[in-house]
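Q: I'd like a close look at one part of this model: the places where charged side chains pair up. Start there, then follow the trail into whatever sits around them.

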Amino acid sequence: MSGPGLKNYIQSKSYLFLKLRSKLRGSRPDLRINAVNNSRGNLKTDKSLPVILVYGYGNPGRQDDALGYLTAEWCSKMLDNGEFPNISVEFNYQLNIEDALLISEFNTVIFADASVEAIEDYTFSKIYPDKSIAFSTHSMSPGSVLALCSGLYSRVPEAYMLSIKGYEWDLGENLSPGAGKNLDKAITYLDSVLKQKFSGTG
């Protein structure tokens, strides 16, 4: 499936989800992007719009795989406390093709996930669309979601990846001690980034 067929599939699959999210946001059209691509595929946007998405994903029932999910949960609590007025939050077990439509609404997207890579505690880096789109019926990588967003909607949000080192992946809802420390460090860093770079409140 490709081209218009895939685009229609994503839009139809996302309809109820987007309708529900619109209700949760209070039907605020200002959360949508007003954007025009430049020659490099980046966005020219109205910077006054509240269009930053923190997207945490992972399985909270598999120990350290919950790190990305818990990052988004922390951000959601900050929103409830009146912090980060120009930021939205999403939770999910994994990235899916319909997320291409979701991220097309935002100027900036920060993905957060657990990592099995040989990193010390966490990394925060800018990411770009993959050169090719690879997906299954179950999950996609952030780069593939960005590439699909570019191909279908002719826009690419500025995107970052927050990867947090995990150690244990068995069934269970408790983080390993090392992962808990890494989460604390990553959240402290993300808090400063959101306030200083994106929110302008730091």
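A: A salt bridge here means a side-chain nitrogen of Lys or Arg within 4 Å of a carboxyl oxygen of Asp or Glu. Keep in mind that this is a predicted model, so local features need pLDDT of at least 70 and side-chain atom pairs count only at pLDDT 80 or more, while totals for chains, interfaces and linings use all residues. Residues are numbered from 1 along each chain as its sequence is written, and side-chain values use heavy atoms, with hydrogens and water left out.

By that cut-off the structure holds three salt bridges. Let's begin with Lys 126 and Glu 158, whose closest N and O atoms are 3.5 Å apart. Lys 126 sits in strand 6 and Glu 158 in strand 7, so this pair ties together parts 32 residues apart in sequence. Strands (E, at least two residues) and helices (H or I, at least four) are DSSP runs, counted from the N terminus. What about exposure? I call a residue buried under 20% relative accessible area, exposed over 50%, and partly exposed in between (1.4 Å probe, protein chains only). Lys 126 comes out partly exposed at 41%, and Glu 158 is partly exposed too, at 30%.

Next up is Asp 121 with Lys 185, again 3.5 Å from N to O. This one spans 64 residues of sequence, from the loop between strand 5 and strand 6 (Asp 121) to helix 5 (Lys 185). Asp 121 is buried, at 12%, whereas Lys 185 is partly exposed, at 43%.

The remaining bridge stays inside helix 5: Lys 195 and Asp 191 meet at 3.3 Å, N to O. They are four residues apart in that helix, which means about one helical turn separates them. Asp 191 is buried at 18%, and Lys 195 is partly exposed at 24%. The general idea is simple enough: side chains of opposite charge can pair when their charged atoms come close.

So where do strands 6 and 7 sit? Five strands make an open sheet in the order 4-3-5-7-6, with mixed pairing; two strands pair if DSSP finds at least two bridges between them. Strand 4 (87-92) and strand 6 (122-127) are the edges, each with a single partner strand, so one side of each has no neighbour in the sheet. From one strand to the next, the twist averages 20 degrees. Strand 3 (residues 52-57) and strand 5 (residues 108-115) run parallel over five bridges, and one detail there is that Gly 56 has Ala 112 as its bridge partner in strand 5. Helix 2 (residues 67-80) lies across strands 3, 4, 5 and 7, running at about 145 degrees to strand 4. For that angle, axes are lines fitted to C-alpha atoms, for helices over the stretch in contact, with angles from 0 to 180 degrees between N-to-C directions. Contact means heavy atoms within 4.5 Å.

Now the rings. Phe, Tyr and Trp rings (for Trp, the six-membered one) pair if their centres lie within 6.5 Å; planes under 30 degrees apart are stacked, over 60 edge-to-face, and the rest tilted. The count is seven aromatic pairs. Tyr 55 and Phe 111 have centres 6.1 Å apart and planes at 40 degrees, so they are tilted. Tyr 55 is in strand 3 and Phe 111 in strand 5, so the pair links parts 56 residues apart in sequence. Tyr 55 is buried at 1%, and Phe 111 is buried at 0%. Tyr 122 and Tyr 189, with centres 5.5 Å apart and planes at 40 degrees, are tilted as well. That pair connects strand 6 (Tyr 122) to helix 5 (Tyr 189, residues 177-198), 67 residues apart. Ring pairs also join Tyr 122, Phe 124, Tyr 160 and Tyr 189 into a cluster.

Finally, the inside. A nonpolar core is a set of buried Ala, Val, Leu, Ile, Met, Phe, Trp, Tyr and Cys residues joined through side-chain atoms within 4.5 Å. The largest has 24 residues, and Leu 53, Tyr 55, Ile 103 and Phe 111 touch the most other members. Strand 3, helix 3 (99-103), strand 5, helix 4 (142-153) and strand 7 each supply at least two of its residues. Helix 4 gives the most, with six. A second, separate core of 22 residues includes Ile 110, Ala 112, Ala 114 and Leu 194.
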